[in-house]
Amino acid sequence: MIIVNEVSKGYGSRTLFDNVSVKFSPGNRYGLTGPNGAGKSTFMKILTGELEASNAGTITRPRKVGVLKQDQFAYDNERIIDTVVMGNDILWQAFKERDALCEVENLTEEQMNRLGELEVIIADENGYTAEFEAAEILRGIGIEDDDHENLMSTLATDYKFRVLLAQALFGEPQAVLLDEPTNHLDLESIHWLEEFLWQYEGILVVISHDRHFLNSVCTHIADIDYDTIIVYPGNYDDMVEHKMQARQSIESANKDKAKKIAQLQEFVQRFAAGQRSSQVQSRRKEMVRLAPEQMKRSNIQRPFIRFEQEKPSGREVLQVKNLTKSFDGNAPLFKDFSIDLLRGEKIAIIGSNGVGKTTLLRCLMNEIEADSGSVKWTEAATWSYYPQDYHDAITAGSTALDWLMQYMVDEGHQHVRGLLGKMLFSGEDSLKQTENLSGGEAARLLLARMMMQKNPVLVLDEPTNHLDLEAVSALAEGLSTFPGTVFVVSHDRDLISDVATRILSFTPSGLRDFQGTYEEYLQDNPLKELAGKGKR
């Protein structure tokens, strides 16, 4: 069990949570939720011991805790399989000490005894099957056997993250603490992770912006709001319903109380100076008893995302004929790909990491040249682009307001401020330096630019990576109601389900064009048949 007792944390004058006491029990899987900036990662770091609370609160943890580390480059000089085994520190230290003793030519009696003790520890920690278990987890998250002996430095950054996830899951930890574990996983690997966690019998605490993942995995939600953490039974959607019902119940009760207080107030005003003083006093006491319950302000905020188009594109938006692209003489990412797209279609591009989804987008936008084939847009088809890496799109050295102002045509200063307000940049937030923006703030700023540009085509590459659950929901609504054409690369299943009317899927047999919704696609294509793993 993980026991949190009267823990507080704040920065400066801002309180994230105050005197929180909560228990996380074995067999339960907890989603840690709250909007960007609510303190989810901070609370997770307090649970792991990486951060200290602001007060004298205490944390009780099990002996073995698996933690998803965030530094993808910390193990570059280690073998991939060794990095996973390091997730069980007791076992790894025993391995290291045993190997060091085995290098000694003439062991003392004390060293011999210690060697025996180490063998017992290794046996108790299932050390003789450690590499087999580590390999099984690595295969599940998309790293094949041929790579297991390689150094971590040979992997792309997103695959390093996968190894760190395997490290956190290795060794039968009594508790597993995961901060955004699906960020660098493709749909097939997310499905594997869900199945793994369903079978896990310890304590799981997980932060995720993937609503589908939280709904699939979680038995409870620990929600950071109202300066505290409240645990709700059920998954994320259950929590939202419980929370809304609780607030509506308080609001309804307060309305009833207000009506009764008004009636009592009328009586007091009529008879305060008369002969009915005892009745007046009685009603005054009743008014005090009926005082409405004060509700703390929720820190949940939802941006308002609506995309418009200044001028619609033609009916036939895009014609692609026999498009082929490869790199460095390797097998083509896609070959002889052709498609005709009409105005209003919303295309989700899916497939494993590294198979060429971003490359396809860039070929369609003529940012990189295809090996062969043609891409022809209708003349009125201008687009707005949301890149996967926001650092390249948002230049440093200006405020959020000034950065967005450069894309203004004739809207005016107040229009830009209003747009920033819709995207939760209120007051001085709009004057924040671009280099100091959080991932969520940068994502909302890029979406604000797309809203202001009013192009008839929207192109988005992994737009949910830094958005909280409320913002992802608002984005899905904004894209689904947009009258123009949408291309979106995403691993967020709810976003794809809500938005897509057509699926471009990278499969082992090539890039497939499926004309239908994501649910229809899954019925026709089991998830296990998605593309094999790539490294680009």
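Strand β10 (residues 316-325) and strand β11 pair in the antiparallel sense over six bridges, and within this pairing E316 has L342 of β11 as its bridge partner. The model described here is a predicted one.

The two strands belong to an open sheet of three strands, in which the order is β11-β10-β13 and the pairing is antiparallel. Because β11 (334-342) and β13 (372-377) stand at the edges with a single partner strand each, one side of each is left without a neighbour in the sheet. Direction ignored, neighbouring strands of this sheet are turned against each other by 10° on average. Helix α11 (residues 357-364) packs on the sheet, where the helix touches β10, β11 and β13, and its direction makes about 125° with that of β10. As a general point, strands of a sheet pair through backbone hydrogen bonds, either parallel or antiparallel.

Another antiparallel pair is made by strand β1 (residues 2-11) and strand β2 (residues 14-24), which are joined by seven bridges; here the bridge partner of I2 is F24 in β2. β1 and β2 form a hairpin with two residues between them, and G12 in the turn has a positive phi of about 65°.

Positive phi values also occur in L424, a residue other than glycine, and in E462, likewise a residue other than glycine. The table sets out these residues with their places.

| Residue | Phi | Place |
|---|---|---|
| G12 | about 65° | turn of the hairpin of β1 and β2 |
| L424 | near 75° | loop between α13 and α14 |
| E462 | near 50° | loop between β15 (457-461) and α15 (469-481) |

E462 has a relative accessible area of 8%, and since a residue under 20% counts as buried, E462 is buried.

The loop that holds L424 lies between α13 and α14, and these two helices also meet each other. The axes of helix α13 (residues 413-422) and helix α14 (residues 439-453) come within 10 Å and cross at roughly 130°, and α13 and α14 are therefore oblique to each other. The crossing of α13 and α14 is right-handed. On the side of α13 the contact involves V416, L419 and L420, which meet L445, A448, M451 and M452 in α14. Taken by class, the contact of α13 with α14 has seven nonpolar residues, with no polar and no charged ones.

Terms used: Residues numbered from 1 in each chain as written. Predicted model: local features only at pLDDT ≥ 70, side-chain atom pairs only at ≥ 80, totals over all residues. Heavy atoms only, no water. Axes fitted to C-alpha atoms, helices over the stretch in contact; angles between N-to-C directions. Helix = DSSP H or I, 4+ residues; strand = E, 2+ residues; numbered from the N terminus. Parallel < 35°, antiparallel > 145°, perpendicular 65-115°, else oblique. Left-handed = near helix turned anticlockwise from the far one by under 90°. Contact = heavy atoms within 4.5 Å. Nonpolar A, V, L, I, M, F, W, Y, C, P; charged D, E, K, R; others polar. Pairing = 2+ DSSP bridges. Buried < 20%, exposed > 50% of the residue type's maximum accessible area, 1.4 Å probe, protein only.
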